[in-house]
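Reader: Hi! I'm new to reading structures, and I'd like a close look at just one part. Could you walk me through the pockets and whatever helps to frame them?

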Amino acid sequence: MLGVLATVGPANAQSDDILVGLVVKTEANPFFAKMREGASQKSAELGVKFQSFAGKYDGDHDTQVTAVENLISAGASGILIAASDPKAITPVLEQARQAGILVIALDTPLDPANAADQTFATDNFKAGELIGQWAAKTVADPKTSKIGFLDAIETQPTVDVARDQGFMKGFGIDPKDPARYLDEDDARIVGHQWGQGSEEGGRTGAENLLQKDPDLNVFYTINEPTAAGAYEAIKAAGKDGSVVITSVDGGCPGVENVKAGVIGATSMQYPLLMASKGVEAIVNFKKSGEKPAATAGLDFFDTGVTLVTDKPVDGVPSITSAEALKQCWG
């Protein structure tokens with residue numbers, strides 16, 4: 001069953017022929033719910049039609065294919081998509097592009113990336129680099145630190161690799177090949193565990209790494225639920241206050257955990273902006289024929305990232321948790 005989640009009617013007759021479609025992984029994730037909010041609001045503001053679709057669960061590729069097919073049939077001007085399967089979705093998106101529909105990938109690049117006309121996403125390497133820089137200036141001595149990495153899954157998805165390797169660079173670790181991890185030889189790395197992006201996985205992974213080296217004093221975590229799980233393991237081990245936890249996302253629960261001292265610093269990304277900028281790009285394309293360009297020096301359109309911490313350090317720009325709570329999602 002395919003669910004249309006929202007439709008915004010045209011407020012301006014001149015925009016009546018523009019239909020923007022949004023296809024996300026699942027509405028159960030607040031990150032993607034925020035995308036829908038941003039796309040819906042911007043479509044209403046610009047007076048264009050808008051339809052939103054979501055998978056029934058994370059990984060529901062078939063529903064996304066059906067959504068794209070429906071948008072092609074409806075004569076959409078552009079499709080914004082956060083793909084559940086970035087490679088398998090490309091054939092139907094190619095059909096959309098052949099029909100003259102602009103395709104913009106949100107957050108998750110397609111495989112290959114040029115299967116979309118452009119990607120609007122967080123610079124995940126920079127997100128990792130910011131928390132790495134912050135951690136290096138927060139610990140007593142970064143040269144003697146012991147660091148545990150709580151990554152996503154063993155297949156090393158691109159977002160995970162970028163955040164992980166960015167953290168290493170920011171902290172002062174040679175990441176070797178920045179397109180993958182596990183090839184590093186820095187003695188400060190205690191190890192990598194795969195937390196599946198979940199609180200439970202973060203707790204188990206942190207327990208394993210703390211058992212491997214009780215002197216571990218820094219955690220990189222792929223996202224804020226993983227960070228929350230790591231904190232539970234740290235607290236159970238009686239190390240609360242002696243281990244620095246860093247993360248990436250900027251969801252409201254994660255920002256609240258910064259405020260509570262659970263997470264030392266997190267990098268905030270902007271799903272609402274990804275989607276609203278995507279709508280603007282589709283409308284501009286429809287009116288001018290101009291496709292969106294990548295940010296200078298990157299191969300995608302960077303929608304920004306900001307360090308959030310209540311313990312700022314010199315040389316690393318940041319905002320407080322109080323400021324971040326006005327911008328967070330979820």
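Author: Here is a walk through the two pockets, followed by a helix pair and two backbone details.

Keep in mind that this is a predicted model. Start with the largest pocket, which holds about 1000 Å³ of space. Its lining counts 36 residues, and the closest to the centre are Lys25, Asn29, Asp58, Gly197 and Asn223. Which helices supply at least two residues each to that lining? They are H1 (30–46), H5 (158–171), H7 (224–236) and H8 (252–259). H5 gives the most, with 4 residues. If you sort the lining of this largest pocket by class, you get 14 nonpolar, 15 polar and 7 charged residues.

Now move to the second largest pocket, with a volume of about 600 Å³. Here 25 residues form the lining, and Pro109, Thr158, Val159, Ala162 and Asp299 lie nearest the centre. Strand S6 (118–121), helix H4 (124–138) and H5 are the elements that give two or more residues to this lining. You've met H5 already: it gives the most to the largest pocket, and it gives the most to the second largest pocket too, again with 4 residues. The class split for the second largest pocket is 13 nonpolar, 6 polar and 6 charged.

Let's go back to H7, one of the helices lining the largest pocket. H7 packs against helix H6 (residues 199–212) at an angle of about 45°, and the two axes are 6 Å apart. That angle is why H6 counts as oblique to H7. As for handedness, the H6–H7 crossing is right-handed. On the H6 side, the contact is made by Glu199, Gly202, Arg203, Ala206, Glu207 and Leu210, while H7 brings Pro225, Thr226, Ala228, Gly229, Ala230, Glu232, Ala233 and Ile234. Sorted by class, the residues of this contact come out as 7 nonpolar, 3 polar and 4 charged.

Finally, have a look at two loops. One runs between strand S5 (102–106) and S6, and proline 112 lies in it. The peptide bond leading from aspartate 111 into proline 112 is cis, with omega near 5°. S6, at one end of that loop, is also one of the elements lining the second largest pocket. The other loop sits between strand S7 (147–151) and H5, and that's where you'll find glutamine 156. Glutamine 156 has a positive phi of about 55°, although it isn't a glycine. So where does that leave you? Back at H5, which follows this loop and gives 4 residues to the lining of the largest pocket.

Methods. Residues numbered from 1 in each chain as written. Predicted model: local features only at pLDDT ≥ 70, side-chain atom pairs only at ≥ 80, totals over all residues. Heavy atoms only, no water. 1 Å grid on protein atoms, 1.4 Å probe; cavity = no way out; pocket = protein on both sides within 12 Å on 5 of 7 lines; lining within 4 Å. Points joined across faces, edges and corners; volume = space filled by probe spheres on them. Nonpolar A, V, L, I, M, F, W, Y, C, P; charged D, E, K, R; others polar. Axes fitted to C-alpha atoms, helices over the stretch in contact; angles between N-to-C directions. Parallel < 35°, antiparallel > 145°, perpendicular 65-115°, else oblique. Left-handed = near helix turned anticlockwise from the far one by under 90°. Contact = heavy atoms within 4.5 Å.
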